Each structure stands twice: as C-alpha cells, then as structure tokens.
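Please take the sequence and the model shown here together, and follow the account below from helix packing to the pocket.

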Amino acid sequence: MRHTLSGITRRTALKLMAAAGGLALSGGAPAVRAEKSLRTREIPASGESIPVVGLGTARTFDVGPGEAERAPLYRVLEEFFAAGGRVIDTSPMYGTAETVVGDLLTEMKHPEVFYATKVWTRGERSGIRQMERSAERMRTEVIDLMQVHNLVDWRTHLETLERWKAEGRIRYLGITHYVNSAFDELARIMKQRDLDFVQLPYNLANREAADRLLPLAADRGIAVLVNEPFETGALFGQVGDMEVPPWAREFGAETWAQFFLKFILARPEVTCVIPATSDPQHMADDMRAGMGALPDAQQQERMVKLWESL
C-alpha cells in the first residue's frame, strides 16, 4: 500500500484531491487535469523529445484475457495518455505484458506510443525470433527502443540491433539491468559501444548510479531510463504513515510518489522514469511528478537527509 498526506492511504488522498477539484475521477473521464504540462527531455542521439514519466509493465501487465483483469489496465493507459505519456516499457520476461499492451492499444486505436521492449534470450536466431514475436504481440511494425535485457548475451544481440537499426526495424538500441552489482559491466559497455539508451535502477534508497553511471551517460550522449523508482514499493513502506513534509510543496510534491519521482527527475541526465502500476489513480499521481517544478540541489540534499533519518 502506498501512503501520502496525513497518514491516509494514497488512494484516499487522491479521492480527497479529486473532490477539491484537483483530479476528476468520475464519469469514466481521464483523471489527470493538470495545470501544467508534462515535461519532456531530449534523447541525446537524435534530439527527439520524450515525456519524462513513462510506464513500466513488469508484474502489473502480466494478466490473462479476462475483462476483470484488463479493465483496470485500460484505465491506467487512459490516465497515462491523458497526462501526455508516450513511453511504455515492457519485455518478453514479463509474461503476457507485451500481448496485453498490444491488445489494449489496439482497442484505444493506437494513440501515439514510444514502444520500448527487450530481447532476453541467448543466440542470434533465438534473439531475432523473440524480437519478431515482440513486434507481433505489440502490433507494431517498428519498435522504437529495443534493449538487451539484463545484459543477457549482449555482444550477440547488439550486433543484431545495430543491423536492425540500420534497416529501420528499430529506432534506438540500448542495454538494461536492475541490480547495482551489474554497474561495472554496464559502465564498460557504455564506454565501448555506441548506445542510444541505458536502463538502470536509481531512487532515494539506491543512489549509487548518481556517482557512477549518470555522469557517464551524459558524457557518452546516452539517454537514461530509470527502473525501480520505488524500490519495488519499499520506499512507501519506509515512510509508513508519515506526512509528506510541507517544504516538498516548494517543488510541487503533494504525495510520496511525487516526492520520490521528482527526486529522480531532478537529475538532468535522467531522460525518463518508468514506474509500474495497475491502479489508474496511482498512474495519475505518478504522471503529476513530471509536471511543474523539480527540486534544486539544496532541496535534493534535504530530501536525502530526510530519507537517511528514517
């Protein structure tokens, strides 16, 4: 369970905000009614801009074909697109997620999407077959970003991805990992190969990438996707029933989710953060983190001190 102001649950707080006019949650209409638009940042390799908050699908989109399972995810996507979202990150590792994404986007008549998925297998032929299936499942002819998932057989797959990029089958290529123990290898590959993206973990509880990989990405002109922004929910558990500090309003953080995400987005090297959720109200809340002000250096230090005091 995620927590927010005054020790009440995140869901309850969002309903109260809606009642006050901050979010419209009735009538099936998209919930985001933000006064400010969603920030965008440029992909260094091309100059193309993408929104700073995307959508991850690990665990949350691995569901069956039933209406009861998929209806909340459809509403998640409604909130996402209403707020200006585009980047959807998935993987064949995430069970049915690619298929669910493809099916739901087809129902929505294909809104503008930045498709990001991964190759997660060994061997050239196996990798090609898997990537072709991913495109079929997501019902797209061109995948915007194809990433080597957790560096599995990365040398083989990067060779394929370079060919596919030249052929126009993908637009960008990258590598991913989700644990700090892989940072040395991530750094070596970032230095050796021409990458468009790197995906890595970074959050208030796990700040190692700030000293090592984020500056390297900036130096090498590599866009950064941030996974595990809430440390698989552990950040919410740590703050428990605490109130969001009043000084967080200085940079527009009204909930803990916005507090945590704005900390990540305060780093200019971060191109996009990809929280995962199956809750439409949480999606609306997450998207607001990409709107309005971001904490400056002094405010970021204050956020770290607060976290370390818990």
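**Helix packing and the main pocket**

The crossing of H2 and H10 is right-handed, meaning that the near helix is turned clockwise from the far one by less than a right angle. The contact (heavy atoms within 4.5 Å) is made by Pro72, Arg75, Val76, Glu79 and Phe80 of H2 together with Pro280, Met283, Ala284 and Met287 of H10. By class, these residues comprise 7 nonpolar, no polar and 2 charged, where Ala, Val, Leu, Ile, Met, Phe, Trp, Tyr, Cys and Pro count as nonpolar, Asp, Glu, Lys and Arg as charged, and the others, Gly among them, as polar.

This is a predicted model, in which local features need pLDDT of at least 70 and side-chain atom pairs count only at pLDDT 80 or more, whereas totals for chains, interfaces and linings use all residues. Residues are numbered from 1 along each chain as its sequence is written, and side-chain values use heavy atoms, with hydrogens and water left out.

Helix H3 (residues 97–107) and helix H4 (residues 124–138) have axes, lines fitted to C-alpha atoms over the stretch in contact, that come within 7 Å and cross at roughly 35°. Glu98, Thr99 and Gly102 of H3 meet Ser134, Arg137 and Met138 of H4, a contact with 1 nonpolar, 3 polar and 2 charged residues.

The largest pocket (an open set of 1 Å grid points where a 1.4 Å probe fits, with protein on both sides within 12 Å along at least five of seven lines) holds about 620 Å³ of space. Its lining (residues with an atom within 4 Å of a point) numbers 29 residues, of which Ala58, Arg59, Glu228, Thr232 and Ala276 lie nearest the centre, and divides into 11 nonpolar, 12 polar and 6 charged.

Key:
Helix = DSSP H or I, 4+ residues; strand = E, 2+ residues; numbered from the N terminus. Points joined across faces, edges and corners; volume = space filled by probe spheres on them. Axes fitted to C-alpha atoms, helices over the stretch in contact; angles between N-to-C directions.
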